[in-house]
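User: I would like a short question-and-answer pass over the structure shown here.

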Amino acid sequence: MISRLTGTLAEKHPPQIVIDVNGIGYEAEVSMQTFCALPPVGETVRLYTQLVVREDAHLLFGFADAEERAAFRQLVKVGGIGAKTALGILSAMNTAELAQAVAQEDVKRLSAAPGIGKKTAERMILELRGKLAPANVSGGLAAPAQQDGGEDIVQTLLALGYSEREARAAAKGIPPGTEVGEGVRLALKNLMK
């Protein structure tokens, strides 16, 4: 089991990143919450990780803090939610917002996440009640680099499971020059309205 990685951030292409640890490049998928907290390429980064072994692949998922990883582990235990869907949920809301939505039985808020319908949101509430503690999202990684990426925002939303029509509509109102992580965050808020 790979529990944590500390190394140099070699590549950032939402939602994938590559961390160079002593000459070995580990590719990991991260939530947009974590992606927004990443330092610039070439800087040192530390991520908590979860290795998911499937019949056709070994996938590594990275998280800014242990609370986000714990929420991911709880989400994948819910019937109908796989690793990619769990990552999409954690991209749409941070762990505190997720815990609050579950505690308040907010089906509408939960079903706004990519890949989550009303029945799955109801199942999440039932199975996660009392298992998610509100957490502070630590900004322990570093400030993200400023970069422009209108098309990167759309591509990230597509990778999170939204249709091209939804992704382009959500990204339409984002000002030019907005950094990718912040743009995705704004687009996700647009999708939840």
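The turns below cover the fold, its packing, its surface and one annotation.

Analyst: This is a predicted model, in which local features need pLDDT of at least 70, side-chain atom pairs count only at pLDDT 80 or more, and totals for chains, interfaces and linings use all residues. Residues are numbered from 1 along each chain as its sequence is written, and side-chain values use heavy atoms, with hydrogens and water left out.

User: In what order do the elements of the protein run from the N terminus on?
Analyst: Helices (H or I, at least four residues) and strands (E, at least two) are DSSP runs, numbered from the N terminus. The protein has 9 helices and 5 strands. Their order is β-β-β-α-β-β-α-α-α-α-α-α-α-α.

User: What is the radius of gyration of the protein?
Analyst: Taken over C-alpha atoms, this radius is compared with the globule rule, 2.2 Å times the number of residues to the power 0.38. For 193 residues the rule gives 16 Å and the model comes close to that, so the protein is as compact as a globular protein of that length, with a radius of gyration of 16 Å.

User: What percentage of the residues of the protein count as buried?
Analyst: Buried means under 20% relative accessible area (1.4 Å probe, protein chains only). Of the 193 residues, the buried share is 47%.

User: Where does UniProt place the helix-hairpin-helix feature?
Analyst: The unreviewed entry names it "domain: Helix-hairpin-helix DNA-binding motif class", and such annotations may be inferred rather than shown by experiment. In the model, residues 73-92 are 65% helix, and residues 108-127 are 70% helix. The record's placement is residues 73-92 and 108-127.

Key
Buried means under 20% relative accessible area, exposed over 50%, partly exposed in between (1.4 Å probe, protein chains only).
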